[in-house]
Amino acid sequence: MRQIRLYDTRRGELVPLEPRDPGRIGIYACGPTVYNRIHVGNARPFVVHSLLKRFLRREGYSVTFVANVTDVNDKIYDAATALGVPSARLAREMTAAYVTDTDLLGLGRPDAEPLASATIGPIVALIERLIDSGCAYAVEGDVYFRVRSDARYGELSHRAVDDMDQGEGVEGAALKEDPLDFALWKAHKPGEDTAWDAPWGRGRPGWHIECSAMAEELLGVGFDIHGGGNDLVFPHHENEAAQTRCAHGGAELARIWMHNGMLQMGEAKMAKSVGNIALLGDVLERWGRDAVVLFFSTGHYRQPLRFSDATMAAAQASARRLREAARRLEPGPSPDELAPLRERFFDALADDFHTPRALAVLHEWIAEAGRLRSVGDGDLREMLGVIGLEALLAADEGDAPDAAARELLERRETARAAKDWAQADGLRDELAARGWQVRDSASGPALVRP
């Protein structure tokens with residue numbers, strides 16, 4: 001295995017990826033709050049961590065990727081009220097739309113996609129631990145976290161405690177012991193149509209405690225990588241880290257906090273609140289799946305990435321050139337002369353998942369292959385597969401595997417990694433029924449027509 005380094009926001013530097021459990025990696029990435037269809041900027045953490053999972057698996061790790069869905073939130077209540085529909089119904093519909101839209105990316109699903117609404121038991125239990133430890137307090141049905149009870153609060157966002165504003169406005173201000181404290185549980189209010197019973201009163205969880213509970217429930221404390229947009233560093237991730245430390249004797253929720261930059265449209269970040277958004281489904285329909293996936297790899301994940309007609313047209317043209325180059329290759333292993341370029345490609349990904357540098361090496365490989373007389377597609381298949389572009393190797397652009405077929409192949413690989421041979425064989429048979437044969441090779445699996 002290569003030595004892989006990632007940038008840890010908390011430590012402010014590149015650090016080696018040293019798994020909690022040898023050979024196994026746990027990743028948790030914050031998913032959407034489902035009050036509307038997601039825009040292309042919302043998809044960046046989904047794509048980054050889906051591709052990171054592919055790379056880590058290629059390097060020999062068993063990877064569990066968890067991406068939650070926040071389906072209990074003030075924004076959902078507000079949107080549902082404006083539309084005149086039940087909040088639970090809106091959340092269900094927008095969750096289904098999110099799955100449909102991200103399926104079109106053809107990168108497979110995360111291994112688990114927990115819902116906040118289905119995690120109330122663990123959320124309540126975690127809040128009880130915080131109350132018992134003296135780090136939280138209940139008042140008139142609300143529960144608040146005592147920020148100053150965590151001596152390390154501010155480590156993640158590198159801010160002084162007194163300079164922080166939780167963004168909760170005047171809500172609960174009269175009930176808080178300290179303006180810095182934030183809500184773990186919110187008492188049921190008139191007009192809110194969803195609530196749960198808890199020892200301190202009927203209500204619903206706050207946003208931050210939801211993610212701590214979901215991450216701990218599925219990956220345990222001290223898992224390897226916590227991801228999400230860099231707009232979540234404070235207060236969301238800072239509060240997640242504090243909650244877990246105080247509930248578990250100082251233990252860190254995650255070993256590495258990995259944050260991606262924002263997509264920019266014009267001069268501002270893409271955001272529903274600003275109104276400068278492009279819905280993911282619309283972008284995929286206009287530019288095509290391969291161009292969209294390639295676009296995300298053209299910028300380093302930690303940096304802002306500009307979304308425009310020009311950048312998407314460039315990605316579309318690049319995807320077309322890669323497809324045309326792939327068609328000139330023969331099936332089979334690549335010559336030894338190209339092996340150093342293949343290794344440089346994966347070395348770039350091992351160095352803080354630097355996809356732009358890897359793409360530059362990929363184009364070098366294509367150029368060098370063009371100078372050789374007979375070149376097999378083995379290296380190219382392996383490299384494209386890791387960055388989600390294996391469909392470019394299809395013999396006919398109109399006969400590429402669709403999203404459903406790619407999802408079945410991803411599930412088959414997950415089953416094989418878990419040595420669940422019966423499920424893997426069943427998925428292979430399902431692919432065969434759809435007209436696809438799985439071709440396994442040293443460079444990874446591919447879907448071909450029989």
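Trainee: Why is Arg357 called partly exposed?

Mentor: In this predicted model, Arg357 has a relative accessible area of 36%. Buried requires under 20% and exposed requires over 50%. The value of 36% satisfies neither condition, so Arg357 is classed as partly exposed.

Trainee: What makes the pair of Asp351 and Arg357 a salt bridge?

Mentor: The closest N and O atoms of Asp351 and Arg357 are 3.0 Å apart, and the criterion asks for a side-chain nitrogen of Lys or Arg within 4 Å of a carboxyl oxygen of Asp or Glu. The pair therefore qualifies. Asp351, with a relative accessible area of 22%, is partly exposed.

Trainee: Which residues are joined into one network by salt bridges that share partners?

Mentor: The network consists of Arg2, Arg58, Glu59, Arg342, Glu343, Asp347, Asp379 and Glu382. By the same cut-off of 4 Å, the count comes to 42 salt bridges.

Trainee: How do you know that Arg89 forms a salt bridge with Glu93?

Mentor: The closest N and O atoms of Arg89 and Glu93 are 3.1 Å apart, which is within 4 Å, so the pair meets the criterion. Arg89 and Glu93 are four residues apart in helix H3 (residues 87–103), which means a separation of about one helical turn. Arg89 has a relative accessibility of 40% and is partly exposed; Glu93 has 39% and is also partly exposed.

Trainee: How do you know that Asp309 forms a salt bridge with Arg286?

Mentor: For Asp309 and Arg286, the closest N and O atoms are 2.9 Å apart, so the cut-off of 4 Å is met. Asp309 belongs to helix H9 (residues 309–327) and Arg286 to helix H7 (residues 280–287), so the salt bridge ties together parts that are 23 residues apart in sequence.

Trainee: What makes Arg286 exposed and Asp309 partly exposed?

Mentor: Arg286 has 52% relative accessibility, which is over 50%, and therefore counts as exposed. Asp309 has 44%, which lies between the two cut-offs, and therefore counts as partly exposed.

Trainee: How many disulfides does the rule give, and how do you know that the sulfur of Cys30 is too far for a bond?

Mentor: The count comes to zero disulfides. For Cys30, the closest cysteine sulfur is that of Cys211, at 3.8 Å. A disulfide requires sulfur atoms within 2.5 Å, so this pair is too far for a bond. The sulfur of Cys135 is 3.7 Å from that of Cys246, its closest cysteine sulfur, and is likewise too far for a bond.

Trainee: What makes Cys30 and Cys135 buried?

Mentor: Cys30 has a relative accessible area of 9%, and Cys135 also has 9%. Buried means under 20%, so each residue is classed as buried.

Trainee: What makes strands S3 and S9 paired?

Mentor: Strand S3 (residues 24–29) and strand S9 (residues 223–229) run parallel and are joined by three bridges. At least two bridges are needed, so the strands count as paired. One of the bridge partnerships is that of Tyr28 with His226 in S9. Helix H1 (residues 43–58) packs on the sheet and touches S3, S4, S9 and S10; its direction makes about 170° with that of S4. Helix H5 (residues 207–219) packs on the sheet as well, touching S3, S4 and S9, and its direction makes about 160° with that of S3.

Trainee: What is the order of the open sheet with parallel pairing, and why are S4 and S10 called edge strands?

Mentor: The order of its four strands is S4-S3-S9-S10. Strand S4 (62–67) and strand S10 (254–260) are called edge strands, as each pairs on one side only. The twist from one strand to the next averages 20°.

Trainee: What is the order of the open sheet with antiparallel pairing, and which are its edge strands?

Mentor: Its four strands have the order S5-S6-S7-S8. The edge strands are S5 (136–139) and S8 (203–205). Direction ignored, neighbouring strands are turned by 20° against each other on average.

Trainee: How do you know that S6 pairs with S5 and with S7?

Mentor: Four bridges join S5 to strand S6 (residues 142–145), and three join S6 to strand S7 (residues 182–187). Each number meets the minimum of two, so S6 pairs with both strands. Tyr144 in S6 stands opposite Tyr137, and its bridge partner in S7 is Ala183.

How values were computed:
Residues are numbered from 1 along each chain as its sequence is written. This is a predicted model: local features need pLDDT of at least 70, side-chain atom pairs count only at pLDDT 80 or more; totals for chains, interfaces and linings use all residues. Side-chain values use heavy atoms; hydrogens and water are left out. Axes are lines fitted to C-alpha atoms, for helices over the stretch in contact, and angles run from 0 to 180 degrees between N-to-C directions. Contact means heavy atoms within 4.5 Å. Buried means under 20% relative accessible area, exposed over 50%, partly exposed in between (1.4 Å probe, protein chains only).
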